[in-house]
Amino acid sequence: MAAKSEPPTSASMATDICNQISSVFSTTDPSHPPALDVLVSEITKTASRHGRVFVHGVGREGLMLKALCMRLAHLGLPSHCVADVTAPPITPTDLLLASAGPGGFPTVDAICAVARSAGARVVVVTARPGGSASREATAVAYLAGRTMAEGEGGGLLPMGSLYEGAMFVLFEMVVWRLAEELGQSEEEIRSRHTNLE
């Protein structure tokens, strides 16, 4: 009987996962500017016209967008998750950030269409820029991570985990750049964190 090999250590697994996520940001497409630049530009423009940022996604993609929404609020930007009971109507001064990793989802496509019909700008974060959600976008943030649409073969990051993990990292970079652009210190950001915990 063959000896059972030792499982990988937490440190080696974490390194492998971080390397996989890092590789997403090494993939470039000359027809699409870096997702970081697209998001920072669109959010900064929205802030300058005193607009609000709305976010929408489904599943784990939606969770990553909710995390971004929280940090945008910490930066002092009016931000809302679509479908929250306190979300106001979207207007022409506002921005919708939506995610459709595999290119489109019926609900994401519909929400993007409603936002566009209201005159808002729409940015779609996606690994498939030619998908149905991008048709309603005023800008596309291309994030070349593997999604559920690619089938098996994700190693330590199954299904859409690579794309979703890359979303989290992308959004942390966005928050850092926005803090710089908006002149927000960590103390100011921290002061907006809820005390109802």
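Which side chains meet in a salt bridge at 3.3 Å, N to O? In this predicted model, the partners are Asp37 and Arg177. The two sit far from each other along the chain: Asp37 belongs to helix α2 (residues 35-48) and Arg177 to helix α5, with their positions 140 residues apart, so to speak, as the pair links distant parts of the chain. Asp37 is partly exposed because its relative accessibility is 35%, and Arg177 falls into that class too, with a relative accessible area of 24%.

That bridge is a handy way into the contact between the two helices that carry it. Helices α2 and α5 pack at an angle of about 45°, and their axes are 10 Å apart. An angle like that makes α2 oblique to α5. The crossing of this pair is right-handed. On the α2 side, the contact is made by Ala35, Leu36, Asp37, Leu39, Val40, Ile43 and Thr44. On the α5 side, Leu170, Phe171, Met173, Val174, Arg177, Leu178 and Glu181 take part. Asp37 and Arg177 thus turn up again here, as members of the contact. Sorted by class, the residues come out as 10 nonpolar, 1 polar and 3 charged.

Helix α5 has another partner in α3. The axes of α3 and α5 come within 9 Å and cross at roughly 10°. Why call them roughly parallel? The label applies because angles under 35 degrees count as roughly parallel. From α3, the residues in contact are Arg60, Glu61, Met64, Leu65, Leu68, Arg71 and Leu72. From α5, they are Ser161, Tyr163, Glu164, Met167, Phe168, Phe171, Val175 and Leu178. By class, that gives 10 nonpolar, 1 polar and 4 charged residues.

A salt bridge shows up between these two helices as well. Arg60 pairs with Glu164, and their closest N and O atoms are 2.5 Å apart. Again the pair links distant parts of the chain, with Arg60 in helix α3 (residues 59-74) and Glu164 in helix α5, 104 residues apart. Are the two partners buried or exposed? Arg60 is partly exposed, with a relative accessible area of 47%. Glu164, on the other hand, is buried, at 9%.

Next comes helix α1. Helix α1 (residues 10-26) packs against helix α5 (residues 161-182) at an angle of about 70°, and the axes are 9 Å apart. The two helices are therefore roughly perpendicular to each other. Their crossing is right-handed. In α1, the residues involved are Gln20, Ile21, Val24 and Phe25. They meet Leu162, Gly165, Ala166, Val169, Leu170 and Met173 in α5. The class count for this contact is 8 nonpolar, 2 polar and no charged residues.

What else touches Val24? Leaving aside residues up to four places away in sequence, Ala144 touches Val24 and Thr27. Ala144 is found in the loop between β5 (139-142) and α5. With a relative accessible area of 25%, Ala144 is partly exposed. Ala144 and Ile21 are 123 residues apart in sequence, yet their C-alpha atoms are 10.0 Å apart in space.

How many salt bridges does the structure hold? The count is 5. One of them joins the side chains of Arg190 and Glu186, at 3.2 Å from N to O. Here the partners are 4 residues apart in helix α6 (residues 186-191), so about one helical turn separates them. Arg190 counts as exposed, at 58% relative accessibility, and Glu186 is exposed too, with a relative accessible area of 59%.

Finally, a look at the backbone. Most residues other than glycine have a negative phi. Which residues have a positive phi without being glycine? Two examples are His50, with phi near 60°, and Ala83, with phi of about 85°. His50 lies in the loop between α2 and β1 (53-56). Ala83 has its place in the loop between β2 (79-81) and β3 (95-99). His50 is exposed, with a relative accessible area of 72%. Ala83 counts as exposed as well, at 70% relative accessibility.

Notes: Residues numbered from 1 in each chain as written. Predicted model: local features only at pLDDT ≥ 70, side-chain atom pairs only at ≥ 80, totals over all residues. Heavy atoms only, no water. Axes fitted to C-alpha atoms, helices over the stretch in contact; angles between N-to-C directions. Parallel < 35°, antiparallel > 145°, perpendicular 65-115°, else oblique. Left-handed = near helix turned anticlockwise from the far one by under 90°. Contact = heavy atoms within 4.5 Å. Nonpolar A, V, L, I, M, F, W, Y, C, P; charged D, E, K, R; others polar. Buried < 20%, exposed > 50% of the residue type's maximum accessible area, 1.4 Å probe, protein only. Salt bridge = Lys/Arg side-chain N within 4 Å of Asp/Glu carboxyl O.
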